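Hi everyone, thanks for making time this morning. I'd like to walk you through one structure, so please have the viewer open.

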Amino acid sequence: MNKSRPGFRRTLRAASVFGLCFATLASPLATPMAIAQDLSAIKVPPRFSRPASNTDEGGLWGLMDREEVRLKRSPLTIQDQALKEYLTELVCRLSDGHCPDIRVHAVRTPHFNAMMAPNGMMLVWSGLLLRVENEAQLVAILGHELGHYLERHQVEQLRAAKNQAVLSTMVGMVGGVGGFLGQMGLMANMFAFSREHEARADRMGMRLMRHAGYDGREAAVVWDNLLAELQVTGGKEAGKRGDLFETHPATAGRRDELLQLAGDVGGELGADRFRKVIAPLRLGWLQDEVKRGQYEESLVLFERMLKKDPQDVEVLYARGEVYRRRDEAGDVGKALADLDRASRLAKAPADTFRALGLVHKQRNDRAGAVQAFETYLAQAPQAPDAGMVRSYLEELK
Ligand SMILES: [Zn+2]
C-alpha cells in the first residue's frame, strides 16, 4: 500500500469499502406492498461451480484461495470454535443452499467491516462483532455480504475494470507484499461496489434475513448506531482507516430505504444467543477499541452499551480506560468514578484494578494505589506487566 502512488491510492479510496459500503439506493422505493413483492421476487441462484482456472474469474478465485490460506495461518484470525460454528450456522441459515461453499473467518481488527470474496470466503471484523447488539443485526450484515456473493458482484466488478493495468497492479500487490492482512484496505477496495450493487446487495440481504425469520428493522439500527459514532467526529477521520465510514455522506438515505424494505412484520432478534457466543471474547475486543485511540467515537459506543446495561462491568472498565488515557480536564475524576464502580461489581476484569491503581497513583493516593495494584497482582499474578506493577508497589511503599 505504501509503495503505491498517491493518486492511485486516492482513486481506490474514493471508492467504497468491500462489502458494506455507503451508497444510496439507486431508485426510491414505492409503497410497502410493492416492496414486499419486490423482495419475494428476488430469487436466490443455484450453487456456483468452480470456474476454469484459465478464465478471469478462475484467476480471481485462485488469488482468493491463496489469500485464504495465509489468512488461516495469521495470528489475527480468531480461532474460537464456538464463534466459528455460530457464524457458520448463521450463514447456512441465511444462504439458501449455498452453505457448503461459504467459509466465515472472524478477524481481530477493531473496525466495523465485513467482506465477501467470490470464492466463498467471508470475513467479519471483531470491531463489527463488538458493535452489533443482537443476532438480527449481525445477520443483516452477513445477508448483505451474501447478496454480493449470490449476485456475483465481485465478478462483474472485475469485468467492469476499465483499466486493466490498474487491476493487474492491484492483483500483483495483493499477491506480493505482506499478503492479505497486510493489504486489507487494498483488498477492500478491490471489490469496491457500485451504488447499484450496494442497493441490490441490501435488497438480497433483506430478502435472506426476512426469509430466515429475523426482524429486518434491525438492519436500520446498525446504520443508526454507526452514524451516531461518526457524527461525534464529524467524519474528519473517515477514509483514513479502511473501515465502513469511508464514503459516509449517503448513509442516512440508505438507512431509510432499509427500514422501508424491512416492513413492520417484526421477527427474531436473537440477543441472548449472540451475547453468549461473544462473551468470552468481548473484553479483548473492548480493549482493542480503547487502544484504537479514537476516544470520542469509543465514548459514544460505550455510552450506548451502558444505556442498555448500566451494570455492564466490562464496558464500565473500558470507558474508565478511555478517560484515563485521554486525560483531558475532568477525565481523571470520570476515570476514577467508572473504575471504582466497576471494581465493586462482581466479575470485574482484573485489568480494572491495574487501571484503578494507575489513576490513584496519578492522584497521589498512595493507599488507594497500593490496594488496587495488590488486588491486580492477586488476580493476575502471571500478567505480562506484573513485574512493572510490582515495581510501582515498591515505589509507593
Ligand atoms: Zn456492499
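**Packing and a small sheet**

Let's begin at phenylalanine 302, which touches Leu286, Glu289, Val290, Val315, Ala318, Arg319 and Val322, leaving aside residues up to four places away in sequence. Do keep in mind that this is a predicted model.

Now zoom out a little. Phe302 is, with Leu83 and Leu138, among the residues with the most contacts inside the largest nonpolar core, which has 88 residues. Helix H6, residues 135-150, gives this core its largest share, nine residues. Both domain 1 (6-262) and domain 2 (293-396) supply at least three residues each. Apart from that core lies another one of 11 residues, including Leu63, Val107, Met115 and Met121.

As for the whole protein, there are 20 helices and three strands. Of its 397 residues, 58% count as buried. The accessible surface is about 17300 Å², and carbon and sulfur atoms hold 52% of it.

So how are the three strands ordered in their sheet? The order is E1-E3-E2, in an open sheet with mixed pairing. Strands E1 (103-107) and E2 (114-116) are at the edges with a single partner strand each, so one side of each has no neighbour in the sheet. On average, neighbouring strands are turned by 15° against each other, direction ignored.

E2 and strand E3 (residues 121-125) run antiparallel, joined by three bridges; alanine 114 has valine 124 in E3 as its bridge partner.

Two helices lie across these strands. Helix H4 (residues 81-94) crosses E1 and E3, at about 135° to E1. H6 lies across E2 and E3, at about 25° to E2.

Terms used: Residues numbered from 1 in each chain as written. Predicted model: local features only at pLDDT ≥ 70, side-chain atom pairs only at ≥ 80, totals over all residues. Heavy atoms only, no water. Core = buried A, V, L, I, M, F, W, Y, C linked by side-chain atoms within 4.5 Å. Buried < 20%, exposed > 50% of the residue type's maximum accessible area, 1.4 Å probe, protein only. Helix = DSSP H or I, 4+ residues; strand = E, 2+ residues; numbered from the N terminus. Domains from an automatic or database assignment. Contact = heavy atoms within 4.5 Å. Areas by Shrake-Rupley, 256 points an atom, 1.4 Å probe, with all protein chains shown as cover. Pairing = 2+ DSSP bridges. Axes fitted to C-alpha atoms, helices over the stretch in contact; angles between N-to-C directions.
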